[in-house]
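Dear colleague,

I am handing over a structure for you to look at, and below it I describe what was found. Please keep the model open while you read.

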Amino acid sequence: MKNTILALALATAGLAVVPAAFAQDAGNAQQGWYVGANAGYGQVQKGPYDNGSFAGGLKGGYRFAINPDTSLGAEVGYVYLGRADARGQYTQNYANYTGNNGQSKLQGATAGLNLRYSFSPNWYGEVRGGAFFAKGSGLTDDKTNPQNVNFNSTRYYAGLGAGYNINKNISVGLNWDYYDGSQSDKNIHLPTNLYSVSAEYRF
């Protein structure tokens with residue numbers, strides 16, 4: 001499902017290459033520079049981990065109105081996806097386990113696209129996706145002999161959101177995002193679901 005969402009977001013963005021000159025009468029669509037922040041709960045459910053903690057991020061970009069109700073944005077950001085505690089047999093088989101030394105950590109930069117549809121002047125829905133430049137650490141998926149490793153990898157993220165425009169400059173929203181924080185050749189996988197609230201300011 002997550003791969004499908006990413007493919008849909010990127011395919012839709014690929015089709016939406018109408019020049020901004022055709023969208024001077026933007027209607028409900030948004031256009032211009034924006035910055036945003038979100039905060040919530042990042043959950044890992046893979047291998048040694050089945051929990052999560054506080055997570056959040058910052059982003060900014062430029063949004064183009066491509067028809068009276070739809071905008072396409074290009075954005076960059078940084079996300080901190082929290083820490084998760086190891087569990088079960090992984091902790092029993094990890095040498096010198098003390099608790100904290102089995103925790104995962106995941107963060108990284110993002111670069112991607114978002115497609116926003118305005119249902120009305122106030123309400124909108126959004127799909128997004130792009131590259132996730134992951135930096136993390138944690139236990140490997142080897143249950144009999146787990147190791148704590150650090151990794152850097154370029155993976156992907158994808159997400160959905162809906163929100164409310166308080167006025168022409170400020171909006172708030174609810175979001176689900178998936179970050180594929182993994183490096184297969186080190187046998188570490190920290191796929192993270194981020195459930196968050198967000199706020200955005202448009203210039």
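**A patch on the surface**

A good place to begin is Y117, which sits in strand β4, the strand that covers residues 104–118. Please bear in mind throughout that this is a predicted model. Y117 has a relative accessible area of 38%, and because a residue counts as partly exposed when its value lies between 20% and 50%, Y117 falls in that class. Y117 is also one of the residues of a nonpolar patch on the surface, which is formed by W33, V35, Y117, F119, W123, Y164, I166, I170, V172, Y201 and F203 and has about 1200 Å² of accessible area together. The elements that contribute two or more residues to this nonpolar patch are β1 (32–46) and β7 (170–183).

**Salt bridges**

How many salt bridges does the structure hold? There are 10 salt bridges in the structure, and three of the pairs are described here in turn.

In one pair, R87 forms a salt bridge with D50, and the closest N and O atoms are 3.9 Å apart. This pair links distant parts of the chain, since R87 belongs to the loop between β3 (70–84) and α2 (88–93), while D50 belongs to strand β2 (residues 49–67), 37 residues apart. R87 is partly exposed, with a relative accessibility of 37%, and D50 is partly exposed as well, with a relative accessible area of 39%.

In another pair, R155 and D180 form a salt bridge in which the closest N and O atoms are 2.7 Å apart. Here, too, distant parts of the chain are linked, with R155 in strand β6 (residues 148–165) and D180 in strand β7, 25 residues apart. Are these two partners buried or partly exposed? R155, at 33% relative accessibility, counts as partly exposed, whereas D180 has a relative accessible area of 7% and is therefore buried, the limit for that class being under 20%.

The side chains of E200 and R202 also meet in a salt bridge, at 2.9 Å from N to O. E200 is buried, with a relative accessible area of 7%, and R202 is buried with a relative accessible area of 7%. Both residues belong to a network of salt bridges that links R63, R116, E126, R128, D177, E200 and R202.

**A cavity and a pocket**

A search of the whole structure finds one cavity of 30 Å³ or more, and the largest cavity has a volume of about 310 Å³. Which residues lie nearest the centre of the largest cavity? Of the 26 residues that line the largest cavity, those nearest its centre are N38, K59, E75, R128 and D177. At least two lining residues come from each of β1, β2, β3, β4, β5 (123–139), β6, β7 and β8 (188–202). Sorted by class, the lining of the largest cavity consists of nine nonpolar, 10 polar and seven charged residues. R128 and D177, named here beside the centre of the cavity, are also members of the salt-bridge network.

The largest pocket, for its part, has a volume of about 230 Å³. It is lined by 14 residues, and A29, Q30, K168, N169 and R202 are the closest to its centre. The lining of the largest pocket has four nonpolar, seven polar and three charged residues. R202 thus appears again, since the residue that lies among the closest to the pocket centre is also the buried partner of E200.

With best wishes

Technical notes:
Residues are numbered from 1 along each chain as its sequence is written. This is a predicted model: local features need pLDDT of at least 70, side-chain atom pairs count only at pLDDT 80 or more; totals for chains, interfaces and linings use all residues. Side-chain values use heavy atoms; hydrogens and water are left out. Patches are made of residues with over 30% relative accessible area and no salt bridge: like charges are joined within 9 Å, nonpolar side chains (Val, Leu, Ile, Met, Phe, Trp, Tyr) within 5 Å. Accessible areas come from the Shrake-Rupley method with a 1.4 Å probe; for residues, only the protein chains shown count as cover. A salt bridge is a side-chain nitrogen of Lys or Arg within 4 Å of a carboxyl oxygen of Asp or Glu. Helices (H or I, at least four residues) and strands (E, at least two) are DSSP runs, numbered from the N terminus. Buried means under 20% relative accessible area, exposed over 50%, partly exposed in between (1.4 Å probe, protein chains only). On a 1 Å grid over the protein atoms alone, a cavity is a set of points where a 1.4 Å probe fits but cannot get out, and a pocket is an open set with protein on both sides within 12 Å along at least five of seven lines; lining residues have an atom within 4 Å of a point. Grid points are joined across faces, edges and corners, and a volume is the space filled by probe spheres set on the points. Ala, Val, Leu, Ile, Met, Phe, Trp, Tyr, Cys and Pro count as nonpolar, Asp, Glu, Lys and Arg as charged, and the others, Gly among them, as polar.
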